[in-house]
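Reader: Hey, I've just opened this one and I'm a bit lost. Can you walk me through it?

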Amino acid sequence: MSTDSARSLVGDALELAHRLKRTWQLVRAGKVPLWKARRLAQLTTALPLEGADFVDRQVAGFVGKVSWAGIERLVDQARVAFDPEGAEKERLAAAEGRRFDVHTREATHDGTVHVEGVLDLADAIDLDTAIRQGAEELAVLGATESLDVRRSMAAGELARRQLALDLRAEAGSAGVDAASVVKPRQVVIHVHLSHAAITRNEAGIAHVEETRSIVSTEQVRDWCSSDALVVIKPVIDLEAHHHTDAYAIPDRLVDQTRLVQPMCAFPWCERPARRCDTDHVVAHGTDGPTCSCNLAPLCRRHHRAKTHTAWTYDKTDAATYLWRSPHGLHLVKDQGTTRLVTAHPPDE
């Protein structure tokens, strides 16, 4: 191998042997593939020793099973917790790297161009929401193109609407401050912050539900500008047990269910819980209670499968579900991970 490749190999080996000791033991035992351990080492090299040890303790038992996106989020969390100054520098540097390019000079004979960019998360969600709504409107109006094509068409419609409105020019000609007529952003992002991060100017991390990612509290402060509507809700105790005699589920119970299980409880389904129904595991009509221990998020498709087909399930823990398929398969979904238990019904 080349000198650079050898240097990289030795560096990864030193990182694993001296700073990721638990993972290194699993590699030597043949339980974790070497390529995955090397990728982990390359991520943690820039962390301080405490941060690398934190990541090692968290993933050692699951590095062979957890998704790579989950590992990257954990490394980001360690970077913010153990090297806040470095994390803030990276955030600012990333913000300086934002761009949006429309390659009109590279248009081909078929009349299409390539568009790419790096956006702020809030801006990206705004843009995606507007394009998604535009694609839905085109379908209602009779467009028969595929979803991808309608999304591309919606981007053009979005631009033409903005040019037609020309709000800033109109406001300027009328002697009105242009900024005052621009509508504030209406994107909704669910961000989980500590009380200290809200009440004091402290560095920390925030969890964004929509993207299952983490951002710095400083980034959240930037989003909460003067034209943003910020709603702060009290902490919901995820281990508390709430109960009501009614069939209708109170908002607090719905929120608790979605926070405990952030995605659809059906095997392998990853639809976000906030876009799912809240299901009574044991049907309310058969004396199933409306309480914390009998609720789960199910997307509409899998809610119907559970209600109208032979799919059944039990909630064995706060975020663990045992499913039985119409063909006798038994599957467990635990913390978002699905595994096959048995292909035949158990004795009990």
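Author: Sure. One term before we start: a strand here is a DSSP run of E with at least two residues, and strands are numbered from the N terminus. Also keep in mind that this is a predicted model.

Reader: Got it. So how many residues does the hairpin from β10 to β11 go through?

Author: Two residues link β10 to β11 in that hairpin. The strands themselves, β10 at residues 312–317 and β11 at 320–324, are antiparallel and share five bridges. Thr-312, for instance, has Arg-324 in β11 as its bridge partner.

Reader: And which residue in β12 is the bridge partner of Arg-324?

Author: That's His-330. β11 pairs with β12 (residues 330–334) over five bridges, in the antiparallel sense. The hairpin between β11 and β12 has five residues between the strands, and Gly-328 there takes a positive phi near 95 degrees.

Reader: What order do the strands of the open sheet come in?

Author: β10-β11-β12-β13, four strands with antiparallel pairing. β10 and β13 (337–342) are at the edges with a single partner strand each, so one side of each has no neighbour in the sheet. On average, neighbouring strands are turned by 25 degrees against each other, ignoring direction.

Reader: What joins β12 to β13?

Author: Five bridges, with the two strands running antiparallel. Val-332 is opposite Arg-339 of β13.

Reader: Switching topic: which residues touch the most other members in the largest nonpolar core?

Author: Leu-20, Leu-40, Val-55, Val-59, Val-63 and Ile-71, out of 18 residues in that core. Helices α3 (34–44), α4 (49–59) and α5 (68–82) are the elements giving two or more residues to it. α5 provides the largest share, five residues.

Reader: What does Val-59 touch?

Author: Leaving out residues up to four places away in sequence, Val-59 touches Leu-40 and Leu-74. There's also a second, separate core of 15 residues, with Val-281, Leu-298, Cys-299 and Tyr-321 among them.

Reader: At what angle do α4 and α5 pack?

Author: About 145 degrees, with the axes 9 Å apart, and the crossing is right-handed.

Reader: Which residues of α4 and α5 meet there?

Author: From α4 you get Glu-50, Gly-51, Phe-54, Val-55, Gln-58 and Val-59, and from α5 Leu-74, Val-75, Gln-77, Ala-78 and Phe-82. Sorted by class, the contact of α4 with α5 has seven nonpolar, three polar and one charged residues.

Notes. Residues numbered from 1 in each chain as written. Predicted model: local features only at pLDDT ≥ 70, side-chain atom pairs only at ≥ 80, totals over all residues. Heavy atoms only, no water. Pairing = 2+ DSSP bridges. Core = buried A, V, L, I, M, F, W, Y, C linked by side-chain atoms within 4.5 Å. Buried < 20%, exposed > 50% of the residue type's maximum accessible area, 1.4 Å probe, protein only. Contact = heavy atoms within 4.5 Å. Axes fitted to C-alpha atoms, helices over the stretch in contact; angles between N-to-C directions. Left-handed = near helix turned anticlockwise from the far one by under 90°. Nonpolar A, V, L, I, M, F, W, Y, C, P; charged D, E, K, R; others polar.
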